[in-house]
Amino acid sequence: MAAMIKGILIAALALGSSMQQPAEPDAKATVTAAKAFLGALTADQRRKAIFAFTSDLRSRWQYVPAVRQGAHLSDLDVKQVSLAAGLLKAAIGESGYHKVEDIRILEAVLFELEGQNASRDDKAYVFAFWGEPSLEGDWGWRYEGHHVSLNFTYRDGKLTSSTPQFLGSNPATVGSGEHKGKRVLGKEQDLGFAFVNSLSAEQRRQAVVSERAPSEILTGMDRKAAIQDRTGIPYDKLDSNQQKALMSLVSIHAEVQHPNERARRLGKIDKKSIVFAWMGSLAPGDGHYYRIQGSTFLIEYDNTQNRANHIHTVWRDFDGDFGNDALADHYAHSHH
């Protein structure tokens with residue numbers, strides 16, 4: 001166990017040392033891909049896909065199986081599916097695209113595991129747009145289905161927000177069949193365990209705030225994320241290697257995003273404000289939870305359901321979800 005933890009931490013430190021410097025994401029490719037996708041839809045599909053930027057739906061996100069509004073993957077033809085994939089790749093990059101595709105594939109795994117349960121549908125994912133894609137003004141879009149909710153907001157050709165971001169994995173580890181051994185969110189789990197187990201006994205007494213993990217992420221599907229208790233171990237109580245390992249864990253939770261957006265997010269973080277808290281078991285197989293909270297953001301990870309084989313993760317921005325901080329600043333300094 002100690003050797004495994006050491007190996008994971010070495011990998012985490014290597015990742016931390018190779019993090020990109022903040023760069024300004026270029027929305028041009030995403031605008032082009034979004035226009036191509038929308039241009040390939042029928043008139044009826046477009047009506048279902050596009051809403052006003054001020055629509056109340058824009059902040060009504062969810063990650064459970066549900067009826068969703070937008071352009072449904074199940075209704076797209078081969079060309080439209082290809083263009084939808086192109087939009088995702090333009091926005092979140094190849095690695096991000098493969099990550100959300102792996103999550104979607106797990107719906108087919110659940111379909112079989114649960115006796116061909118019709119509610120498990122790997123085509124029940126939607127694309128919804130808030131305003132028309134443009135390099136001028138405000139617009140946004142969402143890709144969402146069971147265990148995936150990616151939300152993007154743009155202003156004048158710049159990506160201003162990529163949160164809320166939710167990713168889930170059920171099973172966390174596939175135990176049988178074609179995809180046996182698949183662990184879509186394995187790094188989020190392994191680095192979490194490696195980090196908490198790298199702490200000294202004294203540090204763990206501060207970091208582990210409960211012996212029992214909550215049954216779900218605490219912020220749920222709230223439109224605005226609530227700041228959680230600042231219990232846990234602060235960033236400045238870690239040694240330099242532990243600090244690098246913690247920032248590598250933070251980076252893993254941004255891995256689904258385009259490299260430029262990942263760098264933008266990480267560049268905004270005030271490291272000294274971060275507090276890490278753990279609840280539950282310190283070893284895989286039993287329920288466990290951790291959160292990483294800074295002055296502006298919150299990451300939650302929970303693995304308690306289905307005998308601790310069902311992961312939920314979320315990244316929230318306290319003021320910036322759905323681009324709200326940038327919108328507020330814009331209207332505060334404009335002459336409307």
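In this predicted model, a good place to begin is A308, a buried residue with a relative accessible area of 11%. A308 belongs to helix α9, which covers residues 305-308. The backbone of A308 has a positive phi of about 55°, although the residue is not a glycine. A second residue of this kind is D156, where phi is near 50° and the residue is again other than glycine. D156 is found in the loop between β5 and β6. With a relative accessible area of 46%, D156 is partly exposed, whereas A308 is buried.

From these two residues the view can widen to the whole chain. The chain contains 10 helices and 13 strands. Of its 336 residues, 52% are buried. Among contacts with a separation of 6 or more, 67% are made by residues 24 or more positions apart. The accessible surface of the chain comes to about 14900 Å², and carbon and sulfur atoms account for 51% of that area.

Two peptide bonds that lead into a proline deserve a look. The bond from T163 to P164 is cis, with omega near 5°, and P164 sits in the loop between β6 (158-161) and β7 (165-169). The bond from N170 to P171 is also cis, with omega near 0°. P171 lies in the loop between β7 and α5.

Charged side chains come next. The model holds 21 salt bridges. In one of them, the side chains of R155 and D138 meet at 2.9 Å, N to O. R155 lies in strand β5 (residues 148-155) and D138 in strand β4 (residues 138-145), so this salt bridge ties together parts that are 17 residues apart in sequence. The two partners differ in their surroundings: R155 counts as buried at 12% relative accessibility, because the limit for buried is under 20%, while D138, at 22%, is partly exposed.

Another salt bridge joins E255 and K187, whose closest N and O atoms are 2.7 Å apart. E255 is in the loop between α7 (240-253) and α8 (259-268), and K187 is in helix α5 (residues 186-198), so the pair connects parts that are 68 residues apart in sequence. K187 is partly exposed, with a relative accessible area of 41%. A further salt bridge runs between K268 and D317, with 3.6 Å between the closest N and O atoms. Here K268 is in helix α8 and D317 in strand β13 (residues 311-317), a link between distant parts of the chain that are 49 residues apart. K268 is partly exposed at 43% relative accessibility, and D317 is buried at 14%. Some salt bridges share partners, and in this way K99, K187, E188 and E255 are joined into one network.

Aromatic rings form their own set of contacts, with 19 aromatic pairs in the model. The rings of F37 and F127 have centres 5.3 Å apart and planes at 50°, so this pair is tilted. F37 belongs to helix α2 (residues 28-39) and F127 to strand β3 (residues 126-130), and the pair links distant parts of the chain, 90 residues apart. Both F37 and F127 are buried. For F129 and W141, the ring centres are 6.2 Å apart and the planes are at 15°, so the pair is stacked. F129 lies in strand β3 and W141 in strand β4, so these rings tie together parts that are 12 residues apart in sequence. F129 is buried at 0% relative accessibility, and W141 is buried with a relative accessible area of 0%. Ring pairs gather F37, Y125, F127, F129, W141, Y143 and F152 into a cluster.

Rings also meet charged side chains in this model. K89 lies over the face of Y97, at 4.8 Å from the ring centre. The charged end of R265 sits over the ring of W315, 4.5 Å from its centre.

One last pair shows how sequence and space can be set side by side. I105 and H179 are 74 residues apart in sequence, and their C-alpha atoms are 9.2 Å apart in space. I105 lies in helix α4 (residues 78-113) and is partly exposed, with a relative accessible area of 27%.

Note on methods:
Residues numbered from 1 in each chain as written. Predicted model: local features only at pLDDT ≥ 70, side-chain atom pairs only at ≥ 80, totals over all residues. Heavy atoms only, no water. Salt bridge = Lys/Arg side-chain N within 4 Å of Asp/Glu carboxyl O. Helix = DSSP H or I, 4+ residues; strand = E, 2+ residues; numbered from the N terminus. Buried < 20%, exposed > 50% of the residue type's maximum accessible area, 1.4 Å probe, protein only. Contact = heavy atoms within 4.5 Å. Areas by Shrake-Rupley, 256 points an atom, 1.4 Å probe, with all protein chains shown as cover. Phe/Tyr/Trp six-rings, centres within 6.5 Å; stacked < 30°, edge-to-face > 60°. Lys NZ or Arg CZ within 6 Å of the ring centre and 35° of its normal.
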